[in-house]
Amino acid sequence: MKKVVFLLLLIYIICGFRVSKKNQLFTQPTVGLGLGNKAPNILLPNLNDSLIELWKLPNTLVLIDFWASWCAPCRAENPNVVKLFNEFKEKGFSVFSVSLDMDKHKWADAITKDKLVWSYHVCDFKMWNSSAVKDYAVQGIPTNVLIDKNGIIIAKNLTSKKLITFIRKYYETS
């Protein structure tokens, strides 16, 4: 009788564990780089050396934008990002700019010259060795990732008109 009770208890524990593991898969998205994954967290210093954490942003939609002051294609794309920010900031849209710069003054000057008026600018001055660059497998810049209010990746590497069209449709349907 003790063996039977022990076996039933063991089966209950094993099956219960499997059910909870299975349910966990549906409630907590996997952190990764694919569409539908939770975006990896980024914790880097801003211009004032205060740490800014991506996962703690209050916004409904965030464009994670990898760029640098020395990157001509990035600087050419910045006016489009500014236009996008200005159009959708009242709806909760923001930009989380991750710079690959090595010079703080050049980075700050580029933010001012390009009128990047959003609050979230970060850089650790490690260029391609930055933890964010590694976590996001950035191979070139400009690179961007669009995440929703839950931190889920909903689009990647959209620029100019495609990015604006995508975000307009996102807000129309939400």
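This note sets out numbered points on the predicted model shown above.

1. Overall architecture. The protein comprises five helices and seven strands. Read from the N terminus, these elements follow the order α-β-β-β-α-β-α-β-α-β-β-α. Among contacts in the protein with a separation of 6 or more, 68% are made by residues 24 or more positions apart.

2. Burial and surface. The protein has 174 residues, of which 42% count as buried. The exposed area is about 10,500 Å², and carbon and sulfur atoms supply 59% of this area.

3. Phe66 and its surroundings. Phe66 belongs to strand E3, which covers residues 61-67. Its relative accessibility is 0%, so Phe66 counts as buried. Leaving aside residues up to four places away in sequence, Phe66 touches Ile42, Cys74, Val98, Leu100, Ala132, Val133, Tyr136, Val138, Ile141, Pro142 and Thr143. A further spatial relation concerns Val122: its C-alpha atom lies 9.8 Å from that of Phe66, although 56 residues separate the two along the chain.

4. Thr143. This residue is placed in strand E6, residues 143-148. With a relative accessible area of 13%, Thr143 falls under the 20% limit and is therefore buried. A polar atom of the Thr143 side chain lies 2.4 Å from the backbone oxygen of Gly140. The residues that Thr143 touches, not counting those up to four places away in sequence, are Ile64, Asp65, Phe66, Val138 and Asn157. Val138 also appears among the residues touched by Phe66.

5. Salt bridge Arg75–Asp114. The model contains four salt bridges. In one of them, Arg75 pairs with Asp114, with 2.5 Å between the closest N and O atoms. This pair links distant parts of the chain: Arg75 is in helix H2 (residues 72-88), whereas Asp114 is in the loop between helix H3 (104-113) and strand E5 (120-122), and the two are 39 residues apart. Arg75 is partly exposed because its relative accessible area is 25%, whereas Asp114, at 17%, is buried.

6. Salt bridge Arg168–Glu87. The side chains of Arg168 and Glu87 also form a salt bridge, with an N to O distance of 2.9 Å. Because Arg168 lies in helix H5 (residues 160-173) and Glu87 in helix H2, the pair ties together parts that are 81 residues apart in sequence. Both partners are accessible in part: Arg168 counts as partly exposed at 36% relative accessibility, and Glu87 counts as partly exposed at 34%.

7. Salt bridge Lys56–Glu53. Another salt bridge joins the side chains of Lys56 and Glu53, at 3.7 Å from N to O. How do the two partners stand in accessibility, exposed or partly exposed? Lys56 has a relative accessibility of 64% and so counts as exposed. Glu53, at 22%, counts as partly exposed.

8. Aromatic pairing. The aromatic pairs number five. One of them, formed by Phe88 and Tyr171, is stacked, with 5.4 Å from centre to centre and 20° between the planes. Why does this pair tie together parts that are 83 residues apart in sequence? The reason is its placement, because Phe88 lies in helix H2 and Tyr171 in helix H5. Phe88 and Tyr171 are both buried. Together with Tyr170, they form one aromatic cluster. The pair may be considered alongside the salt bridge of point 6, which also involves helix H2 and helix H5.

9. Lys38 over Trp55. A charge placed over a ring is found at Trp55: Lys38 lies over its face, 4.7 Å from the ring centre.

10. His105. This residue lies in helix H3. His105 has a relative accessibility of 63%, so it counts as exposed. The C-alpha atoms of His105 and Ser69 are 9.9 Å apart in space, and the two residues are 36 residues apart in sequence.

Conventions. Residues are numbered from 1 along each chain as its sequence is written. This is a predicted model: local features need pLDDT of at least 70, side-chain atom pairs count only at pLDDT 80 or more; totals for chains, interfaces and linings use all residues. Side-chain values use heavy atoms; hydrogens and water are left out. Helices (H or I, at least four residues) and strands (E, at least two) are DSSP runs, numbered from the N terminus. Buried means under 20% relative accessible area, exposed over 50%, partly exposed in between (1.4 Å probe, protein chains only). A polar contact is a pair of N or O atoms within 3.5 Å; within protein, one must be able to donate a hydrogen and the other to accept it, and residues adjacent in sequence count only if both atoms are side-chain atoms. Contact means heavy atoms within 4.5 Å. Rings of Phe, Tyr and Trp (its six-membered ring) pair if their centres lie within 6.5 Å; planes under 30 degrees apart count as stacked, over 60 as edge-to-face and the rest as tilted. A charge sits over a ring if NZ of Lys or CZ of Arg is within 6 Å of the ring centre and within 35 degrees of the ring normal. Accessible areas come from the Shrake-Rupley method with a 1.4 Å probe; for residues, only the protein chains shown count as cover.
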